[in-house]
Amino acid sequence: MATQRWVVVGGGLVGSAIALRLQIAGFEVLLVDRGDPRRGASFGNIGHIAAEQGEPMPSPAVLKSAFGRLFAFGGPLDFRLRDAGLWMPWAMRFLGACSPLATQHGAQTLNALLDNPLAAWQRLSALAQAPHYMIRPDGHAVVWSTHDAVRRGLESWNSARTGYARFRPMEASELAAYDGVLARRPAGGILFTGTGQVSEPQRVRDALLAAFTREGGQVVHTDAVAVRPVGDAVEVELADGQVVDADRTVVAAGAWSKALMASMGVRVPLIGERGYSVQSAEHKWPEDLPLTVFEDRSVVVARFSGGLRASSHVEFGAPSAAPDPRKWCHIEKHVKDLGIQFSRAPDRWCGPRPTLPDYLPAIGRLEAHPSVYYAFGHQHLGLTLAALTSEWIEGMALGQPMPAWMSALRVERFK
């Protein structure tokens with residue numbers, strides 16, 4: 001019997017992980033990757049394996065706090081006015097997902113999704129034969145600068161769903177570890193277990209792709225512009241006009257998956273929710289100091305093999321729009337105010353998180369076209385869920401039964 005041929009469209013962390021697992025499972029896999037690693041969220045994100053993010057974003061509480069978090073008032077949330085035609089219809093669907101019943105449903109699905117993603121990453125790391133540098137399973141910290149912020153932060157986290165992750169208040173000696181790193185020691189904080197970070201997102205992606213090609217997988221560096229089911233098979237049209245025939249395909253192109261789904265007549269309310277980061281090769285952040293969320297500043301800082309990275313912002317608009325330099329300046333000011341040593345000319349990055357209105361990913365197989373699988377819309381949890389997503393797609397490809405709760409991730413839910 002001939003080996004089944006698969007085309008995976010999208011070479012970010014999700015697509016790379018899926019391609020590797022399918023290739024090792026015995027399929028013949030071609031990965032279509034644009035070849036511009038800085039384009040997507042897989043490049044410049046903060047590298048956090050966020051098992052603790054069990055609270056759904058669409059909720060009455062988020063709506064209540066949204067106005068005060070707008071960029072115009074110094075917060076991280078912004079809507080590009082010129083892209084209102086994109087985000088306004090999306091926002092209406094988001095409002096519909098904020099009802100108490102929808103929020104409860106979202107929380108149940110989200111917590112099922114976040115079933116020990118750290119262990120899944122360790123399995124994927126071993127599969128890629130790179131376990132020694134890919135994953136740091138040592139948790140993370142959330143800190144606050146004032147005692148009032150500590151009180152409010154603890155109240156919020158004590159009532160939050162944190163899934164597999166657990167936390168405890170930081171001891172004085174643990175807060176003292178920030179002496180010499182920050183201008184002022186945090187007033188308080190919490191330490192999480194069950195979470196972690198990768199050594200550096202791009203380095204991990206490179207390791208997955210290296211393992212994929214080592215196993216016989218092929219990579220073509222171009223854009224896919226259309227996917228066309230043909231009988232029981234599928235055609236993938238590339239930007240150069242070439243058409244690739246395959247038995248099956250997986251659409252995992254992040255924020256650019258919307259157009260590929262539209263080429264099959266499937267309308268998906270996917271938007272580019274952009275994040276910003278800056279990275280400095282020079283710093284004094286100790287290796288044993290964990291990834292730290294400065295929650296009252298909405299800034300996250302993590303040390304990677306290539307330097308110290310700070311990240312923030314939630315900007316809704318076109319995924320390929322020109323960056324807003326004010327966002328980088330905003331992060332850099334926070335870093336300076338915290339007293340963190342940082343380059344005066346850091347590497348600046350902006351990239352879109354692929355986000356659906358209910359903040360749940362789309363993972364599954366098209367009902368109308370069973371030759372097409374999909375895995376996109378992971379919002380802030382793309383890196384977190386990449387390893388688990390690859391296991392679920394592999395299971396579907398092998399005909400294994402999927403958990404009943406995964407029906408909530410079908411893209412047809414947006415009909």
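Student: What makes the span of H1, with its 12 residues, close to the expected one?

Tutor: In this predicted model, H1 reaches 17 Å from its first C-alpha to its last. The expected span is 1.5 Å times one less than the number of residues, and for the 12 residues of H1 that comes to 16 Å, so the two values are close.

Student: And how do you know whether H1 is mostly covered or mostly open?

Tutor: A residue counts as buried when its relative accessible area is under 20%. In H1, 11 of the 12 residues meet that cut-off, so the helix is called mostly covered. Among the buried ones are Leu13, Ile18, Leu22 and also Arg21 and Gln23. Just after H1, Gly26 takes a positive phi of about 110°.

Student: What does H1 pack on, and which strands does it touch?

Tutor: H1 packs on a sheet, where it touches S1, S2, S14 and S21. Touching here requires heavy atoms within 4.5 Å. The direction of H1 makes about 165° with that of S2. The sheet itself is open, with 6 strands in the order S10-S2-S1-S14-S21-S20 and mixed pairing.

Student: Why are S10 and S20 called edge strands?

Tutor: Strand S10 (218-221) and strand S20 (362-365) each pair on one side only. From one strand to the next, the twist averages 15°.

Student: How do you know that S2 and S10 count as a pair?

Tutor: Pairing needs at least two bridges. S2 and S10 share 4 bridges, so they pass, and they run in the parallel sense. At one position, Asp33 stands opposite His221 in S10.

Student: Which strands pair with S6, and in what sense?

Tutor: S6 (residues 140-144) pairs with S8 in the antiparallel sense over 5 bridges, and 4 bridges join S6 to S16, which runs parallel to it. Trp144 has Gly188 in S8 as its bridge partner, while Val143 has Phe294 in S16.

Student: What makes S6 mostly covered, and which way do its side chains point?

Tutor: All 5 of its 5 residues are buried. His140, Val142 and Trp144 point one way, and Ala141 and Val143 point the other way. In a regular strand, side chains alternate between the two faces of the sheet.

Student: What makes a set of residues a nonpolar core, and how many residues has the largest one?

Tutor: The members must be buried residues of listed types such as Ala, Val, Leu and Trp, joined through side-chain atoms within 4.5 Å. The largest such set has 50 residues, and those with the most contacts inside it are Ile18, Leu22, Trp121, Met134, Leu208 and Val250. H12 provides the largest share, 9 residues. Leu208 touches residues including Leu13, Ala17, Trp121 and Met134, leaving out those up to four places away in sequence. Apart from this core lies another, of 27 residues, among them Leu30 and Val268.

Student: How do you know whether the radius of gyration of the protein chain agrees with a compact globule?

Tutor: The rule is 2.2 Å times the number of residues to the power 0.38. For 415 residues it gives a value near 22 Å, and because the chain has 21 Å, the two agree. The C-alpha atoms fill a box of roughly 65 × 45 × 40 Å along the principal axes. Of the 415 residues, 57% count as buried.

Note on methods
Residues numbered from 1 in each chain as written. Predicted model: local features only at pLDDT ≥ 70, side-chain atom pairs only at ≥ 80, totals over all residues. Heavy atoms only, no water. Helix = DSSP H or I, 4+ residues; strand = E, 2+ residues; numbered from the N terminus. Axes fitted to C-alpha atoms, helices over the stretch in contact; angles between N-to-C directions. Buried < 20%, exposed > 50% of the residue type's maximum accessible area, 1.4 Å probe, protein only.
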